[in-house]
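I wanted to look up where empty space is left in this protein and which residues surround that space. My notes are set down in the order in which I looked.

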Amino acid sequence: MATRARPAQAPRLTEDEFDVLYRRLLSRSAWASGDRGALDALTPARVVAATQEVRTGRTVTLAAPVETRPGPDNPEPARHRMSGWPGEDAAGGLHFARDSFAMNVHGDADSHIDALCHVVYDGTLHGGVSASSVTADGATTLSIEAARDGIVGRGVLLDIPRLRGVPWLEPGDHVTADDLAAAETAQHLRVGEGDILLVRVGHRRRRAELGPWHAARERAGLHPSALEFLADRRIALLGGDGNNDTAPSSTEGVEFPVHVLAVHAMGLHLLDYLQFEDLAPVCEAEGRWSFLCVIAPLRLPDATGSPVNPIAVL
């Protein structure tokens, strides 16, 4: 594959420029202002249509294994404790192996979904809900419970390293709206209303080949202006193999501009730190980059997110 010239570095946004962009996306996303946000685009008719993407019945996970060892991007890994095991007496009678997990849902290593209560901006949550609705006991509204019936729709993977002819984007690089549009053309598809849009930057491949790094400080992601592409297409959900946000931040005074625009302004649940290294070669081999996508967050009524294992069904 020929290497595509690396685009010029996307401009850094001032606070005023970000505010204009925020207000523009907010006004364009009024249709997604309910408790489920943009998930309302996943109508029964669109779910039925998405089932037509299934042709071979092959299933592929989009999640990375939960990690229990600390690293530079995972200083608080999940804690896995065996609470019971058969031991030497397993030969006779009935025994149960038992264990428990505790984890930081919103870390920089494990695959997870962000609920609409996750992002607080200027004292409010998505839809103008007061930040006081999130208490020490949990979120009283906009929690991940909004997705309790699952998220099912047409998944679309846009592979930006494939577009540029590189194995991954380097930390600090940005995916622009032009990148997304060019990836559509190169992959012979079009992102449509109600789609589950997944954007590969190659974070997981870089991590596997070069080792973990301090991803909170440096990572590839979307440029905030790329969110206009998402608004144009009225997608239902956004997912990435990194944090979706670039680090260092591309916006003065706002550390996670994509999270603010996607979750707070547009009502998009976000899937962070997925992995597409199993899916991308399957899509390449089959010559198609769309599929049925099934996402089932845990039933955590007051939680700001959940560990998640999305499944692509081809």
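These entries go from the pocket to the cavities, and they rest on a predicted model.

**Entry one, the pocket.** I began with the largest pocket and noted a volume of about 180 Å³. I then asked which residues line the largest pocket. I wrote down His106, Asp108, His112, Asp114, His118, Val119, Ala216, Arg219, Asn243, Phe256, His259 and Asp272. Sorting this lining by type, I found 3 nonpolar, 5 polar and 4 charged residues.

**Entry two, the cavities.** How many cavities of 30 Å³ or more does a search of the whole structure find? I noted 4 of them, and I followed up the largest and the second largest.

**Entry three, the largest cavity.** I recorded about 60 Å³ of space in the largest cavity, whose lining includes Arg28, Ser29, Trp31 and Ala38 as well as Leu230, Ala231, Arg234, Ile235, Met266 and Leu268. When I divided the lining of the largest cavity by type, I had 7 nonpolar residues, 1 polar residue and 2 charged ones.

**Entry four, the second largest cavity.** For the second largest cavity I wrote down about 50 Å³ of space, and among the residues that line this cavity I listed Val199, Val201, Ala220, Gly221 and Leu222, together with Gly240, Asp241, Gly242, Asn243 and Asn244. The lining of the second largest cavity divides into 4 nonpolar, 5 polar and 1 charged. Looking back, I marked Asn243 in my notes, since this residue is listed in the lining of the largest pocket and also in that of the second largest cavity.

Note on methods: Residues are numbered from 1 along each chain as its sequence is written. This is a predicted model: local features need pLDDT of at least 70, side-chain atom pairs count only at pLDDT 80 or more; totals for chains, interfaces and linings use all residues. Side-chain values use heavy atoms; hydrogens and water are left out. On a 1 Å grid over the protein atoms alone, a cavity is a set of points where a 1.4 Å probe fits but cannot get out, and a pocket is an open set with protein on both sides within 12 Å along at least five of seven lines; lining residues have an atom within 4 Å of a point. Grid points are joined across faces, edges and corners, and a volume is the space filled by probe spheres set on the points. Ala, Val, Leu, Ile, Met, Phe, Trp, Tyr, Cys and Pro count as nonpolar, Asp, Glu, Lys and Arg as charged, and the others, Gly among them, as polar.
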